[in-house]
Structure formats: structure tokens, C-alpha cells
Amino acid sequence: MERFVYPFSAIVGQDKMKLALVLNAIHPAIGGVLIRGEKGTGKSTAVRALARLLPELTVVADCLYRCDPDAPESLCSDCQDRLARGETLPRARRVLAEANRNILYVDEVNLLDDHLVDVLLDAAAMGVNVVEREGISIWHPARFILVGTMNPEEGDLRPQLLDRFGLTVDVEGIKDIGQRVQIVERREEWESHPAEFSERFAEQDAEIGTRIAEAIVRFPHVVMPAGILRALAELNVSLQVDGHRADLVGRKASQALAAYRGVPEVGVPEVNEVAEMVLAHRVKAAGRRELGSIAQNLPSASRASRS
């Protein structure tokens with residue numbers, strides 16, 4: 001029996017959450033996304049829906065870790081040994097169910113042991129999972145989009161772990177009456193007639209999937225103007241953001257957004273749109289209140305940097 005997943009394009013509202021997921025699908029090196037919010041706000045629904053939109057990948061057909069045969073530098077040790085013996089790695093096309101080169105979803109990540117969260121973040125950052133214990137050392141590729149969800153009322157992540165998530169989105173129940181009614185109506189329709197409901201949104205989902213696939217190809221060619229990069233750095237300094245992770249993530253996220261929009265270079269609109277997701281978990285509460293107004297000063301900052 002076919003298992004239906006609620007369509008991504010049928011999710012009402014929560015645009016920032018959906019955008020953060022799409023940007024990570026385009027460029028996983030952004031560093032994943034932490035979605036903070038109360039229960040029943042569509043967090044897990046959005047993640048499952050996005051997984052269905054990921055483009056098919058070329059994989060080593062019989063590899064446990066679904067290695068990319070066109071990326072020899074990231075092959076697992078078994079695939080490397082086979083190449084060294086002169087074997088040709090068999091290829092297949094598939095949408096992956098394994099974590100490598102797909103989404104790793106961790107619900108209630110704030111309730112996990114800090115050590116486990118640290119291991120996940122290390123693997124996501126390095127693209128490799130290393131297991132060493134009792135004289136055994138094993139490594140394998142682990143390039144995945146890390147998506148964590150949490151309810152802040154149940155406790156926070158340590159600041160050191162929180163900062164290592166690329167983006168953070170805070171979601172809450174929708175207050176607009178019309179949208180709340182639409183959420184109930186769509187959910188009831190999907191539960192009663194999942195096939196027909198999925199078909200109704202199939203074209204919109206396919207369009208999003210195509211845009212993601214095209215953006216993945218386009219991303220390496222998106223230009224980040226020096227003036228915009230300087231303005232991004234000025235924004236982070238003005239907010240007293242520690243370290244340089246915000247600069248790096250901001251660049252990658254704004255490039256991914258430009259690629260998704262099909263524009264050849266990053267502009268002020270792209271930086272402004274990702275700024276809150278990049279900085280929400282990296283600045284103090286007072287800074288978050290000022291974030292919107294400071295971000296709007298980016299145009300003048302970028303013009304000054306070009307003069």
C-alpha cells in the first residue's frame with residue numbers, strides 16, 4: 001500500500017521554516033537548521049514533506065553508505081579499496097532513505113545527551129562519521145542535512161551547540177483565523193482522501209523540487225559581491241556576534257537563496273531575508289529586537305563599501 005506524505009506546498013504559512021529547509025537542501029554546508037517552537041506547528045510535517053522533494057542522486061548501487069561515485073574524495077573505505085583494485089563502481093539512481101546525502105531529522109534535540117548532539121554536529125560539519133572504541137576505528141561518509149526540532153519550554157541547548165546549527169527558525173501557532181481554518185480543512189481532506197489531496201498539490205511540489213535541483217547546479221556560480229560581503233560583516237560586528245560562523249553561514253545561505261531565485265549574484269534582498277535565520281540564535285535578546293532595523297541599513301553599508 002502506498003504511503004502518502006503531506007505535500008510541502010500544502011503547508012499553510014510557516015514560510016521562514018520552509019525557506020530554511022529549502023536553503024539547506026540546496027547547500028547542506030550551511031550547517032542544518034534548528035526549528036524551535038511549540039508542538040503542533042508543522043515542524044515534522046515540513047521535514048518529511050521536503051524529503052520527498054529532494055532530487056534523485058547517483059549512488060554506488062551496492063554501497064551501504066550510498067557513496068557518490070563521482071566524488072572519489074568522499075568515498076567510504078570499502079569503495080576506495082574497490083577502486084584501488086581496479087573495479088568499476090556500479091551506479092544507480094535513487095532518492096535516499098539513509099542519512100548520508102539526505103536529511104537527518106532529530107526531534108526534541110534539546111533532550112538528547114550533549115555528547116550525542118556534539119557527535120551529530122561534528123559529523124555534519126566534517127561530512128564524516130568516525131567510530132572509535134575498544135580498539136576499533138571505523139569511518140564512513142556522513143554528508144547530511146541536520147534538522148533538529150525542539151520546544152524551548154522543555155529546556156534549551158547549550159550555547160556552544162546552539163551556535164553550530166547554521167540556521168534557526170522560531171515557529172509558533174498561526175494567529176490568522178482564515179489560515180487556521182485552512183489548516184484544519186486541508187488536514188481533514190488529506191486524512192480522508194490522501195491520494196486525491198496529494199495529486200492536487202503534485203504540480204506545485206514538482207515545481208519546488210525542480211527549482212531545488214536547478215539551484216544545486218547553479219549555486220557554485222552565484223557571485224557574492226565584495227560590497228555585500230563587507231556589509232554582512234558590518235552587520236555582524238554591529239550586533240557583537242562572536243566568532244566568524246555567522247559571516248560564513250550568512251554568505252552560504254544568501255548564495256543559496258540567490259540560486260533558488262535564479263539570480264546570478266547575491267544582493268541586499270537575499271542578505272536581508274536570511275539575516276534573522278542566521279543570527280536569531282547568535283545574538284542576545286536585545287540584539288534580536290534591533291536586528292530588523294539594522295538589517296535594513298545593509299543597502300547604505302554596501303554602497304559605502306563600493307565607493
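**Figure 1. Glu108 in the loop between strand 4 and helix 4.** In this predicted model, Glu108 is placed in the loop that runs between strand 4 (103-106) and helix 4 (114-126). The backbone of Glu108 has a positive phi of about 50°, although Glu108 is not a glycine. Glu108 counts as partly exposed because its relative accessibility is 28%, and partly exposed residues fall between the limits of 20% and 50%. Glu108 is also one of the residues in contact with Thr149, which is the subject of the next view.

**Figure 2. Thr149 and its surroundings in strand 7.** Thr149 belongs to strand 7, which covers residues 145-150. Its relative accessibility is 0%, so Thr149 counts as buried; the limit for this class is under 20%. The side chains of Thr149 and Asp107 are joined by a polar contact of 2.5 Å. When neighbours within four places in sequence are left aside, the residues in contact with Thr149 are Leu34, Ile35, Lys43, Tyr105, Val106, Asp107, Glu108, Val109 and Asn110. Asp107 therefore appears both in this list of contacts and as the partner of Thr149 in the polar contact, for which the limit is 3.5 Å.

**Figure 3. Gln14 in the segment before helix 1.** Gln14 is found in the segment that precedes helix 1 (15-26). Although Gln14 is not a glycine, it has a positive phi of about 50°. Is Gln14 buried or exposed? With a relative accessibility of 16%, Gln14 counts as buried, because the limit for a buried residue is under 20%.

**Figure 4. The largest cavity and its lining.** Rolling a probe the size of a water molecule over the atoms shows where empty space is left. The structure holds 1 cavity of 30 Å³ or more, and the space in the largest cavity is about 40 Å³. Two elements, helix 9 (226-238) and helix 11 (268-279), each give two or more residues to the lining of the largest cavity.

**Figure 5. Residues that line the largest cavity.** Which residues line the largest cavity? The lining is formed by Leu232, Leu235, Asn236, Gly250, Val271, Val274, Ala275, Val278 and Leu279. Helix 11 gives the most to this lining, with 5 residues. By residue type, the lining divides into 7 nonpolar and 2 polar residues, with no charged residue. Gly250 counts as polar here because the classification places Gly among the polar residues.

Technical notes. Residues numbered from 1 in each chain as written. Predicted model: local features only at pLDDT ≥ 70, side-chain atom pairs only at ≥ 80, totals over all residues. Heavy atoms only, no water. 1 Å grid on protein atoms, 1.4 Å probe; cavity = no way out; pocket = protein on both sides within 12 Å on 5 of 7 lines; lining within 4 Å. Points joined across faces, edges and corners; volume = space filled by probe spheres on them. Helix = DSSP H or I, 4+ residues; strand = E, 2+ residues; numbered from the N terminus. Buried < 20%, exposed > 50% of the residue type's maximum accessible area, 1.4 Å probe, protein only. Polar contact = N/O pair within 3.5 Å; in protein donor to acceptor, adjacent residues only side chain to side chain. Contact = heavy atoms within 4.5 Å.
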